Structure formats: C-alpha cells, structure tokens
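Hi,

Here is the structure I promised to pass on. Have a look at it, and then read my notes underneath.

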Amino acid sequence: MKRKKAVSAAEMKEIERIADSRGISYRQMMENAGTAAFEQMRIKWPEAQKIVIFAGKGNNGGDGFVAARLYEKAGAQVTVILCEGMPVTEDASYNFDRLTDAVKKYSLDGMGETGGIAEKEIGKADLIVDALYGTGFHGTLRESGRRAAAMINGSGVPVCALDLPSGMNADTGEIAEGAVRADLTVVFHCRKLGHEAAGAEKQCGEIVVVSIGIDEVLDDNRKE
C-alpha cells in the first residue's frame, strides 16, 4: 500500500470534515480509531490484561474510551483516569457514557501526588494508554498534563499513545517539557507532519498507521 503524504493538524481536520460530509460521521471515525488502536495493542501486547487509560476531555479521550470499552468486553481489567475532568465534546461524552460499571473511573484531581490510587492502579498495570492530547496540542503542557505525563513516564509500564504522544506538536514535532514517551503510537488515517520530524521516533516508539474509514469515502488526491 502506498504511504500517504503526512499532513498538518489543520489539513487533517479538513480531511475529517470532508469525510463527514460524504457519509462517515465523526462518531464513526472515533469508533474506528479506538477499535483500530485496540487491535494494534492486542497484537503488540497480547497478554496485557490490566489496562490504565489516561484520558483528556476532548476527542483523543473519546478514542481512549472506545478502546476501554473493547478491552473490558474482551475480559480485561480497565481503569480510566480523567485527567481534565469529564469529556466536553459530544462524541467523547457519548463513548464515556457507554462504559460499564466494570470499568473503574477516577479523576486525576482525586489522586494524591504519590501513592494511593495512583500507585495501586498504575503500579499493577500491564499497559498504559495515552489518550490525553491529540493533534490540537501545542505549546506547553498544562499542570494536569504534566502530572499525568509524569505518572505515565514513571510507571515503568509499556505505553501506547493514540495518534501522538501527549506533549508532541502535530505540525512541528516539537516536544514539550515532560511529554509522554511512548513505546507504540497508533496514528489515525495518515502521519502528521510532526511524525516526520527528526527524533520523533524517540518519543513515539514504533509508529503504526491505521485506517479509520476515511479512505472508503474520500479520495485523498482530490481537493475541494
């Protein structure tokens, strides 16, 4: 399969907008993204049964909720940590509401700096999923983001980032202080410009690009 051209965050947003207008909804793209990420994690870490997902309040968190639901359905023990409160986008909220009571849910604000819930849940994890920030991130990590990234990076547990490691600029590849370091980054639809930057592989680990259904409704070579 021919490798797609890397795109900017704005270009990816436009691709998604056109795809939505041609028949694949944003909600379906989120479902496809979370499902594809789940499948890739199961391939790389087939024995992982204790999963901790750090979720932001936007659509990257929504992708994580889809993966959380699928892991729970597959029999895994799943913990979701809400790093910036409840989800604020419609599709992320929808997927959060689909999580059963079997998925443990905590707020990052409710955790002590060390020990307590954080130590209990993260320390026993087989796999951590970084679903905090996606292509919309730029600049520096907010306090909650720095704290979550520090927990992830200090866990000693394999890490899968969804689309981008949190703290990585999608357009430039610039790495914010304290950004998440991933072992696997599951990239949705196509690479972003930041994935092509020098040294990106050190932050992303293995990069795997997955389909989220856009190709079925959109010819990438056409311009509107």
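Below is what I found, taken helix by helix and then core by core.

Please keep in mind that this is a predicted model.

A good place to start is helix H1, which covers residues 9-21. Its 13 residues reach 19 Å from the first C-alpha to the last, close to the 18 Å expected at 1.5 Å a residue. Ala9, Met12, Ile15, Ile18 and Ala19 are buried in H1, and the buried residues of this helix pack against helix H2 (26-44) and strand E6 (184-188). After H1 comes glycine 23, with a positive phi near 125°.

Next, helices H3 (residues 59-73) and H4 (residues 90-97): their axes come within 8 Å and cross at roughly 25°. An angle under 35 degrees counts as roughly parallel, so H3 is roughly parallel to H4. The crossing of H3 and H4 is left-handed. On the H3 side, the contact is made by Asn59, Gly62, Phe65, Val66 and Arg69; H4 contributes Asp91, Ala92, Asn95 and Phe96.

Now for the interior. The largest nonpolar core has 45 residues, and those touching the most other members are Met41, Ile51, Ile53, Tyr71, Val80, Phe188 and Ile214. H2 supplies the largest share of this core, 7 residues. Leaving aside residues up to four places away in sequence, methionine 41 touches Pro46, Ala67, Tyr71, Leu127, Val129 and Cys160. There is also a second, separate core of 22 residues, with Ile81, Leu132, Ala148 and Val159 among them.

Happy browsing, and best wishes!

How values were computed: Residues are numbered from 1 along each chain as its sequence is written. This is a predicted model: local features need pLDDT of at least 70, side-chain atom pairs count only at pLDDT 80 or more; totals for chains, interfaces and linings use all residues. Side-chain values use heavy atoms; hydrogens and water are left out. Helices (H or I, at least four residues) and strands (E, at least two) are DSSP runs, numbered from the N terminus. The expected span of a helix is 1.5 Å times one less than its number of residues. Buried means under 20% relative accessible area, exposed over 50%, partly exposed in between (1.4 Å probe, protein chains only). Contact means heavy atoms within 4.5 Å. A nonpolar core is a set of buried Ala, Val, Leu, Ile, Met, Phe, Trp, Tyr and Cys residues joined through side-chain atoms within 4.5 Å. Axes are lines fitted to C-alpha atoms, for helices over the stretch in contact, and angles run from 0 to 180 degrees between N-to-C directions. Angles under 35 degrees count as roughly parallel, over 145 as roughly antiparallel, 65 to 115 as roughly perpendicular and the rest as oblique. A crossing is left-handed if the near helix is turned anticlockwise from the far one by less than a right angle, and right-handed if clockwise.
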